[in-house]
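Hi everyone, thanks for having me. Have a look at the structure on the screen while I walk you through it, and stop me if I go too fast.

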Amino acid sequence: MSIGRTFLLLSVPLTLIAGSYFFHTAKATGSKPIETIKTFQRVEQTVRSGVSPAHYPHLVAEVNEAIAQLPADTPPRVIELLQGSSTAYALAFKYWKCDQQPTGSSQSECRDRKLEKVITQFPLIKRNITRRLELRTNPPTYLSSSITTINMLQLLLMQAELNRVDAHLILTGGKYDGVYSSQG
């Protein structure tokens with residue numbers, strides 16, 4: 001299943017969830033931050049519709065370039081959230097690439113190394129993994145065996161979208177202007 005199709009399964013309206021993470025700050029001046037949000041939205045749509053593994057790194061580079069071009073008056077929290085989205089995209093790709101390793105322990109070891117980076121970056125995903133491990137009667141040899149690759153990709157891509165929505169809410173002061181959803 002492609003990352004795009006996997007993410008398509010996540011058509012939960014994240015705008016409802018985003019309110020619980022909302023941090024009210026002043027709007028940044030100019031339209032560049034909103035253009036950056038729209039770049040992230042377009043990348044989300046591309047991922048949802050399916051993207052080739054060869055093109056995916058270009059999408060990550062595109063969002064990194066958009067972050068680099070943000071004006072100096074962009075609220076620091078917006079930059080932090082968008083950088084978190086970029087990190088989630090990059091980790092999703094690296095995690096997926098683990099499945100391209102020869103089967104067996106090399107795949108599991110690769111996923112465990114990436115999982116360590118994921119749980120360091122994203123506390124909510126760490127909580128999800130911890131809960132899964134608590135439900136197991138025997139601890140697994142590889143921590144990543146507590147979650148399928150598809151589920152990990154879903155969590156990472158949801159985190160990227162949630163960060164984008166949160167950044168947008170900060171920039172607009174919480175006002176809906178049609179840019180929330182990446183559904184089009």
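Let's start with a bit of vocabulary: when I say helix, I mean a DSSP run of H or I that is at least four residues long, and the helices are numbered from the N terminus. With that in hand, look just past helix H3, where you'll find Gly-50 with a positive phi, near 105°. There's another glycine like that: Gly-173 comes just after H8, and its phi is positive too, about 70°.

Okay, one thing to keep in mind: this is a predicted model. So how confident is it? The mean pLDDT of the protein chain is 79, with 78% of the residues at 70 or more. The confidence is highest in helix H4, residues 56-68, with a mean of 94, and lowest in helix H2, residues 14-18, with a mean of 36. Over residues 3-29 the pLDDT stays under 50, and for that stretch the model has 62 contacts beyond four places in sequence.

Now the overall picture. How many helices and how many strands does the chain have? Eight helices and zero strands. If you read along the sequence, you just get α-α-α-α-α-α-α-α. Of the 184 residues in the chain, 43% are buried. And if you take contacts between residues at least 6 apart in sequence, 75% of them join residues at least 24 apart.

So what's in the middle? The largest nonpolar core has 35 residues, and the ones with the most contacts inside it are Tyr-56, Leu-82, Tyr-89, Ile-125, Met-152 and Leu-156. Which helices feed into this core? H3, H4, H5, H6, H7 and H8 each give at least two residues. Take Leu-156 as an example: leaving out residues up to four places away in sequence, it touches Ala-88, Leu-91, Ala-92, Val-118, Phe-122 and Ile-125.

Let's go through some of the helices. H3 runs over residues 32-49. Its 18 residues should span 26 Å at 1.5 Å a residue, and the end C-alpha atoms are 26 Å apart, so that agrees. Its buried residues include Ile-37, Phe-40, Val-43 and Val-47, but also Thr-36, Gln-41, Glu-44 and Arg-48.

H6 has 17 residues and reaches 24 Å from first C-alpha to last, close to the 24 Å expected. Among its buried residues are Leu-115 and Val-118, and also Arg-111, Asp-112 and Lys-114. What covers them? The cover includes H5, H7 and H8.

Then there's H8, with 24 residues and a reach of 35 Å, close to the 34 Å expected. Is H8 mostly enclosed or mostly open? Well, 21 of its 24 residues are buried, so H8 is largely enclosed by the rest of the structure.

Next, my favourite bit: the aromatic rings. You describe a pair of rings by the distance of the centres and the angle of the planes. Here the count comes to two aromatic pairs. In the pair of Tyr-56 and Phe-93, the ring centres are 5.2 Å apart and the planes sit at 15°; planes under 30 degrees apart count as stacked, so this pair is stacked. Tyr-56 is in helix H4 and Phe-93 in helix H5, so the pair ties together parts that are 37 residues apart in sequence. Both Tyr-56 and Phe-93 are buried.

The other pair is Phe-93 and Trp-96, with centres 5.8 Å apart and planes at 25°, so that one is stacked as well. Phe-93 and Trp-96 are three residues apart in helix H5, which puts about one helical turn between them. Put together, the ring pairs link Tyr-56, Phe-93 and Trp-96 into a cluster.

Last stop: Asp-99, which sits in the loop between H5 and H6. Is Asp-99 buried or partly exposed? Its relative accessibility is 27%, and buried means under 20%, so Asp-99 counts as partly exposed. Setting aside neighbours within four places in sequence, Asp-99 is in contact with Gln-107, Arg-111 and Thr-149. With Thr-149 there's a side-chain polar contact of 3.1 Å. As for Arg-111, it is 12 residues from Asp-99 in sequence and 8.1 Å from it in space, C-alpha to C-alpha.

That's my tour, so over to you for questions.

Terms used:
Residues are numbered from 1 along each chain as its sequence is written. This is a predicted model: local features need pLDDT of at least 70, side-chain atom pairs count only at pLDDT 80 or more; totals for chains, interfaces and linings use all residues. Side-chain values use heavy atoms; hydrogens and water are left out. pLDDT is the predictor's confidence in each residue, from 0 to 100. Contact means heavy atoms within 4.5 Å. A nonpolar core is a set of buried Ala, Val, Leu, Ile, Met, Phe, Trp, Tyr and Cys residues joined through side-chain atoms within 4.5 Å. Buried means under 20% relative accessible area, exposed over 50%, partly exposed in between (1.4 Å probe, protein chains only). The expected span of a helix is 1.5 Å times one less than its number of residues. Rings of Phe, Tyr and Trp (its six-membered ring) pair if their centres lie within 6.5 Å; planes under 30 degrees apart count as stacked, over 60 as edge-to-face and the rest as tilted. A polar contact is a pair of N or O atoms within 3.5 Å; within protein, one must be able to donate a hydrogen and the other to accept it, and residues adjacent in sequence count only if both atoms are side-chain atoms.
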